Each structure stands twice: as C-alpha cells, then as structure tokens.
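The exercises below are to be worked with the sequence and the 3D model open. Each task is followed by a solution in steps.

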Amino acid sequence: MDNSKAKSSGFQLDKELGYFKNHGVSVMAFQDIYPAGHQSGVSIIMHGNRITSNGDVRFEPTPAQWQPVPKQKKRIFDEASNTIVTRLGYPDYENHLRGFNPMIYPDYEFEYEVRVTGEGASVVVTVDLDQPIPEEFVGKLCFNMELFPGLLFGKPWMMDDKQGIFPRQANGPTVGMPSNYLHSGKLPVKEGIRADLEHLSGGNQGYNPIIADDIIAQPYAVGKRFTMCPDEPHRRLTIESVDANLKLYDGRMNHNNGWFVLSSELPAGRTKQAVCWRITPNVVEEWLYPPVVQTSQVGYHPKAVKVAVIELDDRETAREDIVLYKLTENGAQKVRSGAGKEWGKFLRYHYLQFDFSDIREEGLYKICYGSSQSAVFRIAEDIYERGVWQPVLEYFLPVQMCHMRVNEKYRVWHGLCHNDDARMAPVNWNHFDGYVQGPSTLTKYQPGEEVPGLNVGGWHDAGDFDLRIESQSGEAYILSLTYEEFGVDYDVTTIDQQKKITEIHQPDGKNDILQQIEHGVLTVVAGYEALGRLYRGIIANDLRQYVLLGDASAMTDGIRGNADDRWVFTEDNPYRELMTAAHLAATTRALKGFNDVLAEKALRIAEELYEITRDEGKAKKAKVHAAVELYLSTNKQSYLDFLVSETEFICTEVVDLGWIVSRVVRKIDNAAFVAAIAAAMLQIREQEQALSAETPYGIPYRPHIWGAGWSIQGMGVQYYFMYKAFPEIFRPELLGNALNFVLGCHPGSNTASFASGVGAKSATVAYGANRADWSYIPGGVISGTALIRPDFPELLEFPFLWQQTEYVLGGGSSNYMFLVLAVQRLLQEN
C-alpha cells in the first residue's frame, strides 16, 4: 500500500520521532536547542521546507541573536493527550552578563509553559504563565513565531481584511517604544568574570544591537487571523489567535539578520491561556518529497569511485530506473539505466545508491531519476586542475587578509583595515564572541594602553573580522602541510607587505601559498614579540563595531591610540600555547628559503613555548603535537624520546592523536612503539567504519549545531596521514567520499557545493563579510548542511545563518584545499 494515499487522521505525535506528523507536514516543539540561530521553540516543516521557527515567549516582538532567550526546564511528551508541554523560564543566569555572547536580561524572573496539542488538521499552542506580568513589560513580553524570509519574498499574506506582499527589504515606518534596558541591572550575576553592562549596551546611546528594541518596524498588519501564501497549497499556513491580537512584524528593521515575525503580546492580569493560537498548515495529502539526485557538483576522476545517491520520501514505495546520460553536441545519450541499490532509511528519508565507478570515458554527464536530475558534471583526468582548490588561494585567502588593502582589478574588496591595532583589553572582562580577559593582562601593558606592532599579517575570521590565535596559527599550519605534502606552486596574486596592498590576479613571481603562510605567521610572531606571550585574539572593542557588515576598513579610523581601536586579549591557556607551538614549528619548514628570518623566529617561539608551557590536562595532547612538528623541523632526538616515553598516553588518546603521530611514526626506530601505535589505530578504523555505516554517503555525519562540512573535511585531512602511515589498516575511499560530500553529494534538497564558486551549483549566498549583499567569496567553504532536530537536513539559501553558510579561518577552506589535493594524489598514484 502507498502510505501517501492513506486518509489523514490529523496531526498525531510520533513517539519515536518526538514531533507531530500529518503526511508531509511536521510540527516540532522545543526539540532544537539554538534559538539565537532560529532553531528552537515551535517549528513547522511543510512539504520539504522549514517555514517557521522559534515559536516561544520573548521580551520583544523582533529579537535577534543578542536578545535574551529562555532556559528550557522540562519537556513532557504526552502521547495519550497528543500533547507536548514544555516548561521554560527567564532569566538564564548562564548567559546573563556572562558566557560566550553575554546578554542583558531584564529584571523579571518568571516561568511559563508552552502547550502544543494536535487537534485534527490543526495544532493548538497555548501559553500559561506562573504569574501575571508586571506593568512595565506589558506590550513587550510576547509569544512570537518567526517566518523564514528567504521563501517569502514577493509572496502574499492576509490578515483579516488586510493584504500585503512580503517585501525584499525592510520598509518603514518605524515605531518607538520603551526599551527593556530601562528595567535591567538589578538581577544577580553568577560569580566570576562578567560583562560590563554600560559598555555592552553602548550606554543606551544610539543604535546598539543588544538593545535594539526601542525602535522597531511598525507592524504590517494587526488582526486575529493570518494566512501566508494563500495561493500556494504547499506553503499555505493559517494562524488564528483566540484572544490577543496577531501582529505581523519585519524583524530586519532593527536587525539585518532578522526574520518576519508573527507576534501576540502577553496580556496584563492573565496567567492561564495568556496566548492561544490555532495553527493550521494546509496539508497536501498526496504530496511526496520529490526525489533528489546527489552527486559531486564538480565531477569525478576516471579512476575514482563514483556513487550517486538518490534521496526519496520515506513513504514512497514506487521505484524508477536510474539513468546515466552522456552529453554530446547533439544532446544527451543514454549510457546506462537500471535500478538503484536500496540503502535504507537515514534521518527522515529513504536512500538508493547508483554505482557508476566503471564509467571512465571523459566527458559531460548527468544522472536522472524520474523527473529529477543531477547537475551536469565532468569525468576527466584534469578534473581538479583548475577552479576547484585554486579559488581558496586565488580569492578567499586574499580577500580575508587583514592589515591590507585588497584589490581585484576594478573592484576593491576592502580598504586598508585595522592599521591602528591594538590596545590592551580591560581586565576582569567578559567580552563577546568568547573573548574573556582575566584579572591580569599577563604582560607589561596596562588596560587601554597601546600595544605596538600588531598591525601586520593575519586573516579576518569569517565575517567577524577578529584574529583568533587558533585561526591564525591554524590556517598557516594547514597551508604549510599542504605545501609540504603536495608542493603547491601557484602564483596569481601580488602581495606587498611594505605597501600593504594585495592585488588579485596580478602575479608577482612569488608562490601564493608561501606568501599566505608568511601572512599568518607574521601576526603570531608580532603578537609574541610585542606581548612577550601569545595573544588570545584581537577583536572589535564594542558590539556596534563587531556587527559591521561590509568593508573592514570602516571598522576603525586607522589612527592609533584612540577609542575605536580594537582590543588585544591574552590568556593563560597551555593547550592553545602548545597547539600554536606545533603550528609554528611546521611553518618554519615551509618558510625556510622564502623568509628565513621569520622562519627562525617562528621556530624559536615554538621551542620556547614547548619548554615553558605546562602540559596539564588536555594540554598534554598538544605537547605531543608540538613534539611531532618540532622533530620534523629540527631532527632533535629529544622530541622522539618524549614521544616514545608517552606511548601509553598516545595509545589511550589515539582518536585525537592518531593522525598526528602518524606523521612521524615511520621515522621512529622503535619496533615496540610502532606496533603499539598500529594496534591502537584499529580503534579509529572500527569507529570510522561504524559511523560511516550510519549514512549512505560512506562518511560519518552527525552535526551538532553547525553543519558538518568542516569536520568532514578535517577528518579527511587526518585520515590522509593515517592512511599514508598505515595503508594496511585504513581505506583510501573515505577521502573521496568526504570530498564528494562537500562538493554536493550530501543530504537534503539543496545539493550545492559547500565551496563557493566551485562546481555547477555552489553556495553563492554565504555568511562572509559581504553577506548583506547576498553574495559570496569564491573559495570560501561554508559549514554546510545542518540538522534541524531531530531529522531534517537543511541548507538554506540565506546569508545570515552562520551555522549553515559561514566561512571561517583555521581549516574551513584550507582543509578543503588539502582534501582535494590528497584525493588527486591518491588517484594519480593508484
């Protein structure tokens, strides 16, 4: 029986999945954990697309990532009453003026319950409060449902007798209202280093993203019954409010990354059913998820394993033949046709595999399944020779360069930026983005004092423009391994460190990868020489600067020693210090003969850090890493002796250290050590095989919040070294599977290559510095397909979801480049 034809019984709880289902529509309630990233609360997936999210109580109608979020206390799944009840409360003291991104919670502590009940074709959402809300928060506290804007631009909506079209940009007028900031500052703060309320808020002077509730968009409409997309059966959604008014807002008015929001204010004097909504998604009962054909958007080497994956609705019982076509000047010619191999269920879909590894003739191909088809891809020996890994060096790394002006012919990517770096950060200071300064600067510099020499080298990390030590040294490290392993020699860029100008597509006779390694090492060495230790990082000193979208040179005025200068943070972190020692040690090998003075400085710092840094806790792993790279750079026996003396520790921690020690194990003349490491490697192989067997892609895929693309690339890099050292234990196919995953063969309806500008279809709307323009940076590699819990893979074409479309330094793109070259090497050798 085709289950898609079964008569609907309305929205019913699925005990195994934990959410409501009605044919092709799913309603989740508080299964996800990331409200700052629009992944939490009550969410609705309609016919293959997430339509709404973050249905929950908030302190304002159009919040964003900087506004207070509740703490979830308890979630009760009641199958008998077809209800999910979630208890939550404010404040979350873990995030109040502290934590990775500190928030300012208003002075009001309360708890509430959100009850979601399936009632036939609808779900009913009610909010019960444990106490009436105070007068000062009437008109502020509300129940919101966020509507994903990327699917709604140009689409119609209706509110009672009013109609409209969702606009591409936020449109005025605005409306002013009292800020919650006026009722803050009295809540207790957990012990430890805290954020400064006055600094974090900008003193409530002008726009600040952490306040941003004093001027919001005037609602597009107010009423009791709202319908979006009335003309589209697959997206038509109606929400009725029993009592409180519905208000349709545009959250992009006060936050560029906002969504459309449907909101009802919590009324004064009421606790039970303070808000009650009846949500009725239109259910197209005969709808089935369209098949998705997943292949590499770039293509395949003739010798490569080639497996296309077909993603199907789990309810679909019919099967079609899979057809491989070769394109000729006269059109498509059938090469092969046949049934796919049944792989089974993964997440919410059913999968088939189609192996065409024996097809080696060069040319253009596509794969069709029914009315669905892949992008056109190539099979060719030169598949990786141009425009695949090269954009990382050609575009991405040059564009990310800090302390430079970056030109590309007519275009200026950004002006000379941050030439006024940096002043010493305050002590006992909980900043944002994970930066914390302890009770001492750990240097001779006092808080606020100018630290000379920091305006050189480095890359902007993602779209945030900061320079983290692990992203700077880590990027230089991966580039060094890439150069060392594959001998990359590529010159299409001019980099002038004296004039601080980078010219894209203007060769200067120097190897670009060595110039980029130099640029990364410059910032690390300069920081160490200026401070007498490593910096934690350099970051904007206030939140308004931090959220800058656009040209990095607009962040500060370039004049040293004034109030807009970025701050440099330090820390006592043995793990990061020894990790950086490992990174610097490797860069010395690449820089030798290119910049000998810098290479010598990097080696001196690496050896010094190795000698003076405590190896307690997880720092011991980093010391092993440092010993490996220092031995490879110096050939000193003492480093090998240390590794052999730690055989038991390395074997115990082999999951983390296996790839590192693989880089040196064959150089150690100690049979017992080699045998012990080889035996321990079996644990990694068994773990990899078990995790890879969970997916139809032949690689592990278990995303937490961010998409798993970066970790899959990193796994591929590590696996290369383990395979190289122990080919009798590890299989090379995993590297190809990892690369194909990144290049398009991954779950979900969006099969774009994660590498921007690479392949027939790629991520050309990404979370980079130019995200406000819905644009991309070629060669940047996004985090990729994320998981909307518990089972919905999603890659939205939207520039403001960092957990899906962000670029980063320290591995995001350079690991991808390494992986492409590794796969190419293995195919050429076998």
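**Exercise 1. Nonpolar cores**

Task: Which residues does Leu643 touch, leaving out those up to four places away in sequence?

Solution. The model is predicted. Leu643 has contacts with Val624, Ala627, Val628, Ile650, Val664, Ile668 and Phe673. Next, place Leu643 in its core: the largest nonpolar core has 189 residues, and Phe356, Leu643, Met681 and Tyr816 touch the most other members. A second core, separate from that one, has 63 residues, including Val25, Val57, Tyr90 and Val123. As background, nonpolar side chains in soluble globular proteins tend to be buried together.

**Exercise 2. Strand β9**

Task: Determine how many residues of β9 are buried, and which strands pair with β9.

Solution. Step one is the burial count. With buried meaning under 20% relative accessible area, 8 of the 8 residues of β9 (residues 122–129) qualify, so the strand is largely enclosed by the rest of the structure.

Step two separates the faces. In a regular strand, side chains alternate between the two faces of the sheet. On one side of β9 are Ser122, Val124, Thr126 and Asp128, on the other Val123, Val125, Val127 and Leu129, and all of these are buried.

Step three covers the pairing. β8 (residues 110–119) runs antiparallel to β9, with 8 bridges between them, and Tyr112 has Leu129 in β9 as its bridge partner. The two strands make a hairpin with 2 residues between them, where Gly120 in the turn has a positive phi of about 65°. β9 is also joined to β20 (residues 275–281) by 5 bridges, again antiparallel, with Val127 opposite Val275 in β20.

**Exercise 3. A sheet of 4 strands**

Task: Give the strand order of the sheet that contains β31, and explain why β32 and β37 each have one side without a neighbour in the sheet.

Solution. The order is β32-β31-β38-β37, in an open sheet with mixed pairing. β32 (411–414) and β37 (493–496) are at the edges with a single partner strand each, so one side of each has no neighbour in the sheet. Neighbouring strands are turned by 20° against each other on average, direction ignored.

Then take the pair β31 (residues 405–408) and β38 (residues 501–504), which is parallel over 3 bridges. Asn407 is opposite Glu503 in β38. Helix α2 (residues 390–400) packs on this sheet, touching β31, β32, β37 and β38, and its direction makes about 150° with that of β38.

**Exercise 4. Two helices**

Task: Compare the expected span of α16 with the distance between its end C-alpha atoms, then list what covers α11.

Solution. α16 (residues 814–829) has 16 residues, which at 1.5 Å a residue should span 22 Å; the end C-alpha atoms are 22 Å apart, so the two values agree. Of these 16 residues, 13 are buried.

In α11 (residues 654–662), 7 of the 9 residues are buried: Val654, Leu657, Gly658, Trp659, Ile660, Val661 and Ser662. Their cover includes α3 (469–486), α8 (619–634), α10 (647–652), α12 (671–692) and α13 (709–725).

**Exercise 5. His234**

Task: Where is His234 placed, and which residues does His234 touch, not counting those up to four places away in sequence?

Solution. His234 lies in the loop between β16 (225–228) and β17 (237–241). Its relative accessible area is 35%, so His234 is partly exposed. The contacts of His234 are Met46, His47, Val284 and Trp287. Val284 is 50 residues from His234 in sequence, while their C-alpha atoms are 6.6 Å apart in space.

Note on methods. Residues are numbered from 1 along each chain as its sequence is written. This is a predicted model: local features need pLDDT of at least 70, side-chain atom pairs count only at pLDDT 80 or more; totals for chains, interfaces and linings use all residues. Side-chain values use heavy atoms; hydrogens and water are left out. The expected span of a helix is 1.5 Å times one less than its number of residues. Buried means under 20% relative accessible area, exposed over 50%, partly exposed in between (1.4 Å probe, protein chains only). Two strands pair if DSSP finds at least two bridges between them. Axes are lines fitted to C-alpha atoms, for helices over the stretch in contact, and angles run from 0 to 180 degrees between N-to-C directions. Contact means heavy atoms within 4.5 Å. A nonpolar core is a set of buried Ala, Val, Leu, Ile, Met, Phe, Trp, Tyr and Cys residues joined through side-chain atoms within 4.5 Å.
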